[in-house]
Every structure is written in structure tokens, then in C-alpha cells.
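Thanks for coming. I will keep this short and go through one structure, which is on the screen now.

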Amino acid sequence: MTNKLLTNLMVLDGTGKKPYPGEVLVQGNRIKKVAKGKGALARDGVEVIDGCGATLMPGMVNCHSHVGYFDTATLWQMGELPPEESTLTTLRNARTVFDHGFTALVSAACAKPRLDVVVRNEINAGRAVGPRLRACSPQIIATAGNGDARQLHMHHQTFELIADGPIEMRRTVRTMIREGVDLIKLSFSGDDIGSYPHGLSAMVTMCEDEIAAGCEVAHSRGKWIAAHARASQAIRWCIKYGIQIIHHATLADEGTLDALEAAKDKHWVVPAIGILYVCAHEGEGQDIVGNNVALINAIDREIEVAGKTMREMRKRGIRVLPFGDYGFAINPHGADARELEHMVNLLGFTPMETLVAATKFGGEAFALGGPVEIGEVRPGYLADLILVDGDPSADVSLLQDKDNILMIMKDGTVFKSPAEGRRARRVVAAE
Ligand SMILES: [Zn+2]
């Protein structure tokens, strides 16, 4: 592979530093040098890529991805899609989010057990184009948990794997580990959208011995765990049982925030506020919430509480990450970067803090305890880079339009070249 020199660009390195004019040398699949100014790096024998004055930043990392969800209008419809179509749809979704500037995903569950595993393997083998993917199990729930749509005498399925009691939990987690997942998803908190009204957000939907059993098995095989945990008690269990990725964490009370702060180096929190936002503000009459005003109001209240909770986490230095729960008709794949705007407008983070969370913090979580190799424009890191038309640290909403992403590089390979982008056409036209 010829070395590549990316030049004529602003570098937004993912650490929170202000973008600066610079150049980046990529050797093979890694970043070799990052230099300030123009003409600082030698041009001999390298392929020069003109960045057209745009902003080079690390590819985004989504740590609450559901590429194995199918943009269906309801949870039931997700269970209706046969495995073959489910697999192809997952592969297509992975490509969609890649084209929107996401070069790595940590899955937060897929709708059938092997979807993530198969798609991850296909991408890693170079047979399909897509982001790096940490493969997850489906959400493991107990009866009447989030997504249990069954009725007596009727068959319904959503995205769940049901395990009741420690024995079933151990078997389910072991089975998923055998099938090749990188991490396990447990869902032991309710959800106003997914299990209304029997398993509300503020409720816990598993018993502690079930959680302990699942975590014991996962930890014993070196697997990471992510949990759906909205209720305060559920977040406390995440801390107690070493569950690294805490999804939602919206209803943390003061004591839980204290406990999380004391363990903040061990956890990443992903609120995934966008699904609540669309259900509360754009969902009325849509299948996911229908015309259930009580439900819509409850979701709206959770957004308000989450705004306070996340501001508190920000103050305490707890890592809060954007993205999550895209993969429904109301919140489809490709719209994921809307979450950046929500993080600024609803949760009180600055645009730069939001971008650091979308890159550096995401890269740290993606490592799953191994060496951190993505999430910054930094010598030695893997060359997962995107070039953005404009300055995302001035306006994070730029990242919602994939046409603003002029270049996508993963592992040192260019999948979209700036020469194809409209910025380059504009620059050429002006010359
Ligand atoms: Zn989710």
C-alpha cells in the first residue's frame, strides 16, 4: 500500500484540542505522522490527498449500535423478518452507517443471535464494506422484560432472548459466547417504549441472582457486558457487577451518581436520548407509540430527567457517549448523528465535548479492555479518518448530512475520496 499524505486540511484530533491547519501521513493501515502547518511533511513517494481545506477527524464510533435492527415501525415487525433477510438487512445497515462516517461500532444487541457475528466476520474478511464491529448478543431479558411481546397462546417475537432464573441465564450467555460474540447485552430495567405498561423505565425487570449469574459467566470468559439500565437500582447493579457499558442511565438518583462517579474509570454511559425525543415529539400517531398520550407524556418526562442526570454526570467527569437506538422506522439507520445535536441541546454538553465523546471515548470503549487504537488522529493509531466539509466543532449538525463527509478512510484504505465530494468540485470550479 502506498503511503498517503493528507494535506490542505484542518485537524480535529479527537482530544478536545481546537482544530488546527495540519498534515497527516498514513503508512499502511496506521497514522504515521501528524504535523502542524502546511508543507511540513515530505511529499516524496507518497500519494498526496488534497483535503480541500476541510476538517479531518477520527471516524465516529457508535457504542450503542443496532445494525441488526431493521427500521421497522414496531418491535413485533422486527421479529417477523426471517433469518436470511435479517442477515442481509444487517449487512446493508452496516454499510449505511459506514457511509455516514461511522468507522467503528460497539453493538448494543441485534435482533437474532448470530447477526452481528456473521456481519462482523464478513467485514473483517474483506468480503463486505462496513465499519469495525464488536458483535453483541440479542438483549437477554427475563419474562415480561423490555421487548417481551408474547401473549399466552399466541406467538410474537421482537428482538429478545428470554432467560428466566440463573440456570437459564448461564446457558444463554454461554451459548452466545460459543457463537462468537464480543460482548453480552443484558436488559434488566424496564422501558416505557418497549414494555409498556408492565415494565416501565423506573422498574427493574430481573432479579439480582439472574444478573449475577449472567455476569459471572461473561466475566469468566473475558467478555464485556452492556446493560439496558434506566432505573437507579439497575445502574447500581451495573456498578456492583462490573458491567462496563451502561445504556441509558437516565434515572440515576443522587446516591447512584455518587457510586458511578467513584467508579467512573470503569464505565461508559450511553443515554441514547434520540429515541425518546422522536417518540415524544414526532411519534404521535406513529405505530411505535400510537396515540397513547400517557405513554408520550411519560417519555417526555424521562427526557427532562435525563437532561438533569446527564448534566450532573458531565460535572462529575463520567464518560457520556452519544448515539444509540437508531434502527426503528421513526429513528432509522443513517440518522444516528442527530444524537450529537441532542447531546448539545438536551443534555448540556459543548459541541467539542460531544465530538470527543463520539471519537476518543468511543475508541476507548471499542477496545474492550485491550489496546486503544482508534478514536484520535494520533501517530500509531489505526487510520480510521473522515474529512468533513466545514467545522463540526462549530456546528455538530454538519455530521447529519453524509454529503458533508468528503472522505472515509478505514484501516488506511480510502472508501470515499475527497475528489468525489462536492467541496472538491466547488474548489475546482472556483479555480
Ligand atoms: Zn438500544
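**One helix, one metal site, one cavity**

I start with helix α10, residues 338–345, where the buried residues are Glu339, Leu340, His342 and Met343. Looking down the axis of α10, these buried residues fall within an arc of 160°, so they line one face of the helix. As background, an α-helix has 3.6 residues a turn, so residues three or four places apart point the same way. The cover over the buried residues of α10 includes β6 (60–65), α8 (273–282) and α11 (351–366). Keep in mind that this is a predicted model.

Next, the metal. Which protein atoms are the donors of the zinc ion? They are NE2 of His64, NE2 of His66 and OD of Asp325, at 2.0 to 2.2 Å from the zinc ion. The spacing of these donor residues in sequence is H-x1-H-x258-D. His66 sits in the loop between β6 and α1 (75–80), and Asp325 in the loop between α9 (293–316) and α10, so the pair ties together parts that are 259 residues apart in sequence. Are His66 and Asp325 buried or exposed? Both are buried.

Last, the empty space. The count is 1 cavity of 30 Å³ or more, and the volume of the largest cavity is about 160 Å³. Its lining has 18 residues, and those nearest the centre are Asn146, Phe159, Asp191, Asp325 and Phe328. So Asp325 turns up twice: as a donor of the zinc ion and in the lining of the largest cavity. By type, the lining of that cavity divides into 7 nonpolar, 7 polar and 4 charged residues.

Methods
Residues are numbered from 1 along each chain as its sequence is written. This is a predicted model: local features need pLDDT of at least 70, side-chain atom pairs count only at pLDDT 80 or more; totals for chains, interfaces and linings use all residues. Side-chain values use heavy atoms; hydrogens and water are left out. Buried means under 20% relative accessible area, exposed over 50%, partly exposed in between (1.4 Å probe, protein chains only). Helices (H or I, at least four residues) and strands (E, at least two) are DSSP runs, numbered from the N terminus. The arc is that of the directions from the helix axis to the C-beta atoms. Contact means heavy atoms within 4.5 Å. Donors are N, O and S atoms within 2.8 Å of the metal (3.2 Å for Na, K and Ca); water is not among the atoms, so sites may look incomplete. On a 1 Å grid over the protein atoms alone, a cavity is a set of points where a 1.4 Å probe fits but cannot get out, and a pocket is an open set with protein on both sides within 12 Å along at least five of seven lines; lining residues have an atom within 4 Å of a point. Grid points are joined across faces, edges and corners, and a volume is the space filled by probe spheres set on the points. Ala, Val, Leu, Ile, Met, Phe, Trp, Tyr, Cys and Pro count as nonpolar, Asp, Glu, Lys and Arg as charged, and the others, Gly among them, as polar.
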